[in-house]
Amino acid sequence: MTQAGSIEITEKPRAAAAPRARAGFLRQAFAVAAKDLRSEMRSKESVNASLSFALVILLLFSLAFDPGSDQVREIAGGLLWLVFAFASALILNRSFARELVNDCLDMLISSPISAAQLFLGKAMANFVLLIVIECLCLPVFGIFYNVTWARRFGLLFLVLVLGTWGLTVIGTLFSAMTVNLRLRELMLPTLVYPLIVPVLMGTIQLSMLLINGEPIGQDNQLWFRLLVAFDVIFTILSVAVVETVLVG
Amino acid sequence: MTAVSIDGVWKYFGDYPALREVSFTLERGACLALLGRNGAGKTTLLRILAGLSKPGRGSVTILGADARAEETRRQIGVLGHGIGIYEELSAVENLRLFARLYGLSNPTKTAMEWLDRTGLERVSDGLVREFSRGMRQRLAVARAFLHNPSLLLLDEPFTALDDRAIAVLQTLLNDARREGRTIIMSTHQLREALELASDVALINRGRLAYRGERTKEMLDDPSWLYRNYGEA
């Protein structure tokens, strides 16, 4: 009786505390994300660089191909995601590097938020910035390459979300890893691009089908599963190792 | 009651030992002046205490727990070489951010109170990038104190401060001493540090050369410690 009673007493607060702890976890991660987005909205240094770089590459690639040709339709998905991958490096490089000014990274690490919260906050901010840049690039891509990308926008947006989160998670982790390196602008893409090959394979294949208005058959649904699995596995992995990356 | 316990701490940078078997304890409510020449290992030790770096060997216990424990970090205030303030945010946004990260119940109210205490209430909505150096320093002081930490880790806090920032910091440190908070302060400004300190530790090339209470002869002659325990 006493034992059962004591279990009841201890279990109830614990059950109530779990959602509160989760809410607190997310609230602090959102605080980091909001801070990054607000800083970026004011300085616009990463967004301007990344967007203009993406648009210039889209323009330059368009000069190499005949717009509207079958060849362009076949490689459209690949072109689009290569542009996004290159442009993302400029956003991701700045993610932790911006914290070096005034030693702000030290203050974040010494605060009570966990490295996982810091990482997720930064990843969320990077994700929002990249999605915005990608959405701004799509109409330009449609004009330069004469493709109707909006035919199946819902599914294409899902591919953008899954692919961009994969890019973001790996990129944000390596941004933390390379933050103190002198050659971080070079190191980040060198380390990240080989790791995101599965993401690029999935997104390129699915984007090509969606841009061309082709159905996604049973065999191609495998790519969706690959993207979801990649995102889940690397998010868990990144959250698990980021404390070691930041503090040692 | 012990606030800080450092037991046999070594820290290597490559092959170079920046700290060599440093051990000491500090009671709650004490104010320790951490002294030593440039490169002696003061900042390295403070970074380990702040949870910014892990010791290669040995252990650190702060307020009864590991230095990286969430509850420990909640009770530590850090004022380092960098001001730890975001240039693209306003003064109130900076303090509100840190109040949220420290889980304070009313971040905006707390931020405004600290802006008032540090004489920055008039520029609360001004972006930090437009602030003078002195204003930034006062904001950094507010950031370090706003969650009422039980342990303050200050790395050369008086260096490069203007008169007003020094006055603000001295007032806050005196208040902290009265309220029984523990302070560890590395500094080259011997007289200011020794006037405030209850305890003294001197580090020479990573080794603890002296650890004891601050004595009257140190106050009378601040260089006494270096003469008797400093490097040859």
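Hi everyone, let's start with a strand, β8 of chain B, because both of its faces are covered: B:T182, B:I184 and B:S186 on one side, and B:I183 and B:M185 on the other, are all buried. Put another way, 5 of the 5 residues in this strand, which runs over residues 182-186, are buried. Please keep in mind that we are looking at a predicted model.

So who sits beside this strand? Which strands pair with β8(B)? One is β3 of chain B, residues 31-35, which pairs with β8(B) in the parallel sense over 4 bridges. Another is β7 of chain B, residues 151-155, also parallel to β8(B), here over 5 bridges. If you have the structure open, find B:S186. B:L34 stands opposite B:S186, and B:S186 is also the bridge partner of B:D155.

Let's move on to the nonpolar core. The largest one has 146 residues, and the members that touch the most other members are B:L32, B:L49, B:L95, B:V141, B:L153 and B:I184. You'll recognise B:I184 from the strand we began with, where B:I184 is one of the buried residues. Now, which element gives this core its largest share? That is helix α5 of chain A, residues 115-145, with 15 residues. Back in chain B, take B:V141 as an example of a core residue. Leaving aside residues up to four places away in sequence, B:V141 touches B:L79, B:T118, B:A165, B:V168, B:L169 and B:L172.

Since α5(A) came up, let's look at that helix. α5(A) has 31 residues, and from the first C-alpha to the last it reaches 43 Å, close to the 45 Å expected at 1.5 Å a residue. Where does α5(A) bend? The bend is at A:L138, by about 25°, and a proline, A:P139, follows within four residues. Just after the helix comes A:N146, with a positive phi, near 55°.

Stepping back to chain A as a whole, there are 9 helices and 0 strands. The C-alpha atoms fill a box of roughly 80 × 45 × 30 Å along the principal axes. Of the 248 residues in chain A, 42% count as buried. And if you take contacts between residues at least 6 apart in sequence, 85% of them join residues at least 24 apart.

Here is one residue to look at more closely: A:L55, in helix α2 of chain A, residues 45-64. Is A:L55 buried or partly exposed? A:L55 has 18 other C-beta atoms within 10 Å, and since a buried residue needs 20 or more and an exposed one has 12 or fewer, A:L55 is partly exposed. Beyond residues up to four places away in sequence, A:L55 touches A:C137 and A:V140. A:Q205, for its part, is 150 residues from A:L55 in sequence and 22 Å away in space, C-alpha to C-alpha.

Last, how do the two chains meet? Here 22 residues of chain A are in contact with 27 residues of chain B. On the chain A side, the elements that give two or more residues are α1 (2-43) and α4 (104-110). Of these, α1(A) gives the most, with 8 residues. By type, that side of chain A divides into 8 nonpolar, 9 polar and 5 charged residues.

That's my tour, so thanks for listening, and I'm happy to go back to any part of it!

Conventions
Residues are numbered from 1 along each chain as its sequence is written. Chains are lettered from A and ligands numbered from 1 in the order in which they are written. This is a predicted model: local features need pLDDT of at least 70, side-chain atom pairs count only at pLDDT 80 or more; totals for chains, interfaces and linings use all residues. Two residues are in contact if their C-beta atoms, placed from the backbone, lie within 7 Å. Ala, Val, Leu, Ile, Met, Phe, Trp, Tyr, Cys and Pro count as nonpolar, Asp, Glu, Lys and Arg as charged, and the others, Gly among them, as polar. A nonpolar core is a set of buried Ala, Val, Leu, Ile, Met, Phe, Trp, Tyr and Cys residues joined through C-beta atoms within 7 Å. The expected span of a helix is 1.5 Å times one less than its number of residues. The bend at a residue is the angle between axes fitted to the seven residues ending there and the seven starting there. Two strands pair if DSSP finds at least two bridges between them.
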